[in-house]
Structures are given as structure tokens and as C-alpha cells.
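Subject: Structure handover

Hello,

Here is the structure I said I would pass on. Please load it before reading the notes underneath.

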Amino acid sequence: MFKTLIFLAICATLLTAGCDGDGDHYTVATPDATETLVLGEATTDLGNTTFRQTVDMQDTDTNEYFPGQANIWNISSDFSLSDGGDDQFDGVMRLNVDATSFTSQNYTDLTFYTPAVTIDDGVKVAEVVESLGETYDGGSEILALNGTYSVAMNMIYDARLAQVIDLSTAVAPVNLTWQWDLTIDDGSFSGTDAKMDVVLRSTADGSVVATLYSIDSGEETDHTVSLNDYVGQQVVLSFEYSSSGDYGTLIDDISIVDGNTQEFVSNGDFETGNLTGWTTNEPEELQNFTSAAETIADLTVTRSFYTVPDKSWGRWVDVFTNETAAAITTTIQYEHNLGSDDYGILYLTPGTDGQALTGWDAEADSGYDPGSSSNDRDFAFVFGDVTEVLFTSATGLDTGDGSDSITHNYNVTVEPGETIAIVNFVVMNGIDTNMTATDETALATAIDAEVTNILSDFWTDGQYRTGMTQAQIDAIINL
């Protein structure tokens, strides 16, 4: 299975502080140091709900969900973040209004927004991976399906791996064969159109000539398809993958052989160790989506999530509208549970006036075994002006006397006809401070630096507001 391709969150504290498949082209986010704000626009096009974070894996852990992508933003159907990829969390950013939870949604409830992100923003499509012959987490790691190398296709909404095939000299019978370990995943939102298509496209205009194989569920098998109808033609063989879960797909031994045993696929076994002979598409991925409205405690509520692959942060924008004739006073609460088994070292991020909380996992009993995924990577919450933050940090390395539960609350009054928006960020990177910490005073300095950037530059650097609508921006109350 591709799951084995995995490479190679104190005392109690209370704070009070005041391209899609239709060929459309979107405005694309630009990864400059200081970016121009690009407002989000609703689109009928679709995207995924789980996104890999393109950050370097700087610890010696084995969790890497695709080469160069250490973490995942696996958004649950209630818009909470499920895990983070390295067990940083056991569910965070769960929203309650007056103690009533925002409920689960289906994929068809979602609206996707621009801007799109591309390979320039860290989107990854396909990459050749190598069998290292190592053992991880008590199981054999088998990266390649055959030989030393296989190609891995990433779980994005539109991943394509293609090669021009010239059958002008082919002699029937002509058969296409391949093997794969295929994962198809809807993510946490039911109702997606996740699938894998093996197609032939025209070399002239790129249109689909034939769909050779299509499947919307995972399988691990070999395939043979006749190409006799295409003898004498030049076509593009394309593997086209759309899936939204945690893991991707391995493909190997792609071959087209005719009656004279002539091979028409170049580097179909990927034993060159690279993608020589193959091309990948340049997808425009939508990683910005908003829920349908729910009514909670008489407020109309929507949730939005946005991230860019090579950013260290994901952003939630929650909007609350009072459509009644009376003012509504309530508590908006965010619940978090860490994946640290009470070993989290937690501290109010320095220099943020209590507007952010940083954490790292201080569980040392597994040592620094590169085969263990228990040394969770660093993280932070950026919540801005907040009424209260409740958390309990572990008092030392490997003490396990903290609490995995964190809450932060906003006490608000929303006037009749008024709309407010609350913006939260979660920050993750590829570092595990526990691997160098000697005591509980260690700081996750890289995470802290990004947190301070967000808080100091939110209103001046457009990257932090990009993807929001003007109405959302105008309604922000906490930053």
C-alpha cells in the first residue's frame, strides 16, 4: 500500500486579552515576501479538502506524505483539522457557539474560491520514489512496486502523468499493461468525484480520444488493455488522478508492446530514477473553500479554510451574522485536542501580547528513533484578540502531566443585522523541537517567528488576507 511510502501538541493558565479541467485560468497566488492582496471569488469549479504542506522534513521522523511534503491539512467535515500529518493534533479548530457545535457537511455543501495555487506555490504532481529497504513502525517499507523505483502520483484534484506514444509502426496485437497500488479517497467530506482515469488524448488538441480504464475505488493489481484500434496513430497516454485523502498512488511497469514485441513506452519502469520520457501537467488547484451556512444559537454561521502548499500556515475565517431583531450575546469557542498524550510543552508565543500559543511535543521515552512518528512536530495557534485561552503545559520532558485539551473563547455581542468575522491561523513546519531540547524552556523558534509575522503583518502583507472576500475582511473583529 502507498501508506508505507511514508518517507523518508505548566500549570493551568488563564489569559484575558482584548486550472481546472475546463481550461479556465484563475488569478494565481504569487509567493513573494510581501504579497499583493488577491480577493477570493466564488467559482463553480472544485478542489480537494485535504492538502499537503510543502515544507522540509527537518527532523528524523519518517512521516512525509509525498517527497518534500512533511505535513497535511486534513480538514474534517466540521472544518476542524484532523491530524496535521505527524500526529500534531487529534482534532483542533472545532467550533462551538453557545456550547452548540458546528455540524458536519457534505462535499456538495461546499463552495470553492479563488485564487488557485500552482507548482510555483509548491503543488506537487508526480515523482519517482526509491525503495530504501528500511523498516518503519514495525512493518516493511516497500516503496517501489517492482525493481528499485516506481512513480508516485500525489493526491491533488488534477494530477496527470503523460507520454506521447507513436504507434505508427506498431503491429497488432498491441497491449498496454501496468501495475499500481491505487488509493482513491474522498477525504472527510462525502460526495467527491475522486477517481483515476487512464486515457488516450489527441496530440493535436489534447482532447480525450478514449478512456481506457476508470475507477473510483482503490485497488492493487495489474492491468492489460488492448490498443489495437490505435495502431498507426500517435496518441498521448495519460494517467489522470483526483483524490483527496492522506496517501497517494504508486504506478510501475507501464508498457505498450506490439505483435513484434516492440516496446513503445519510454522509461515505463522508472528505473532511470526520474521522470525521463514523461510529462506532468501544471494544475491550478483550489485550496480555498467555504461551508454552507448553519444556524447556531440564532447566528448564521459559515466556515472557510485556505492554505498555500509552501506556506507554514492554514487559515480559518468564521463568519457570524445576526439576522434576528435583537442583539445576541454569546461565547464563540474553539476546542483543540493535541496528539501529544499530555506531553505538550505549551507557551504563549513571545512578542504577541497573548494573541498566540505555541507548542511542541516533549515525549522522550521513544528517544529519537527515526522509525517512530511519536515525536510530533511543532505547531502554533494564532487567535488574535481573544477573551480567554485555557491550556495546561507539561512541566518537563517526558512528564506527561499536561493536558491535550486547549480552548480559546471570544465573548461577543452581535447587533441585529450585524456580521462579524473571526480569523484563526494554525502554523506547522517540519521541525520537532523535542529532538534538540534539553528541558521544558526550549522554544519552537521557527514557529514563533512565523506567528509574529502573521500578527504584525496581517494588515500590510496581502498573503495573510488573500482568498478572503472583502465582506469577510470588513467584518474581522479579532486581528
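The notes below go from the whole chain to its sheets, then to salt bridges and backbone geometry.

Overall content

Please keep in mind that this is a predicted model. The protein chain has 479 residues, and 58% of them count as buried. Its accessible surface comes to about 17,600 Å². Carbon and sulfur atoms account for 45% of that surface. The secondary structure consists of two helices and 32 strands.

Two five-stranded sheets

Strands of a sheet pair through backbone hydrogen bonds, in either a parallel or an antiparallel way. I looked at two sheets here.

One is an open sheet of five strands in the order β16-β15-β18-β13-β20, and its pairing is antiparallel. Its edges are β16 (208-215) and β20 (279-280); each has a single partner strand, so one side of each is left without a neighbour in the sheet. Inside this sheet, β13 and β18 run antiparallel and are joined by eight bridges. If you want a residue pair to locate that contact, Ala162 has Ser238 in β18 as its bridge partner.

The other is also an open sheet of five strands with antiparallel pairing, ordered β9-β12-β19-β14-β17. Here the edge strands are β9 (126-130) and β17 (219-226), each of which pairs on one side only. On average, neighbouring strands of this sheet are turned by 30° against each other, with direction ignored. Strand β12 (residues 149-153) and strand β19 (residues 249-257) run antiparallel, with three bridges between them. Met153 is the residue opposite Thr249 in β19.

Salt bridges

Side chains of opposite charge can pair when their charged atoms come close. The structure holds six salt bridges. I describe some of them below.

Arg377 forms a salt bridge with Asp86, and their closest N and O atoms are 3.8 Å apart. This pair links distant parts of the chain, 291 residues apart. Arg377 is in the loop between β28 and β29 (379-382), while Asp86 is in the loop between β4 (71-74) and β5 (94-97). Both residues, Arg377 and Asp86, are buried.

Glu240 and Arg201 meet through their side chains in a salt bridge, at 2.7 Å from N to O. Glu240 lies in strand β18 (residues 234-242) and Arg201 in strand β15 (residues 195-202), so this pair ties together parts that are 39 residues apart in sequence. Glu240 is buried, and Arg201 is buried too. To place this pair in the sheet described above, note that β15 and β18 follow one another in the order β16-β15-β18-β13-β20.

Lys195 and Asp197 also have side chains that meet in a salt bridge, with an N to O distance of 3.2 Å. How accessible are the two partners? Lys195 has 35% relative accessibility and therefore counts as partly exposed. Asp197 has a relative accessible area of 11%, so Asp197 is buried.

Backbone geometry

Most residues other than glycine have a negative phi, and most peptide bonds are trans. The places below depart from that, and you may want to look at them before any setup work.

The peptide bond from Thr114 to Pro115 is cis, with omega near 5°. Pro115 sits in the loop between β7 (111-113) and β8 (116-117). Ala172 and Pro173 are likewise joined by a cis peptide bond, with omega about 0°. Pro173 belongs to the loop between β13 (159-166) and β14 (175-182).

Asp298 has a positive phi, near 70°, although this residue is not a glycine. Asp298 is placed in the loop between β23 (294-296) and β24 (299-307). Is this residue buried or exposed? Asp298 counts as exposed because its relative accessibility is 53%, and the cut-off for exposed is over 50%.

Asp353, also a residue other than glycine, has a positive phi near 55°. The loop between β27 (344-348) and β28 (356-361) contains Asp353. With 72% relative accessibility, Asp353 counts as exposed.

Regards

Definitions and conventions
Residues are numbered from 1 along each chain as its sequence is written. This is a predicted model: local features need pLDDT of at least 70, side-chain atom pairs count only at pLDDT 80 or more; totals for chains, interfaces and linings use all residues. Side-chain values use heavy atoms; hydrogens and water are left out. Helices (H or I, at least four residues) and strands (E, at least two) are DSSP runs, numbered from the N terminus. Buried means under 20% relative accessible area, exposed over 50%, partly exposed in between (1.4 Å probe, protein chains only). A salt bridge is a side-chain nitrogen of Lys or Arg within 4 Å of a carboxyl oxygen of Asp or Glu. Two strands pair if DSSP finds at least two bridges between them. Accessible areas come from the Shrake-Rupley method with a 1.4 Å probe; for residues, only the protein chains shown count as cover. Axes are lines fitted to C-alpha atoms, for helices over the stretch in contact, and angles run from 0 to 180 degrees between N-to-C directions.
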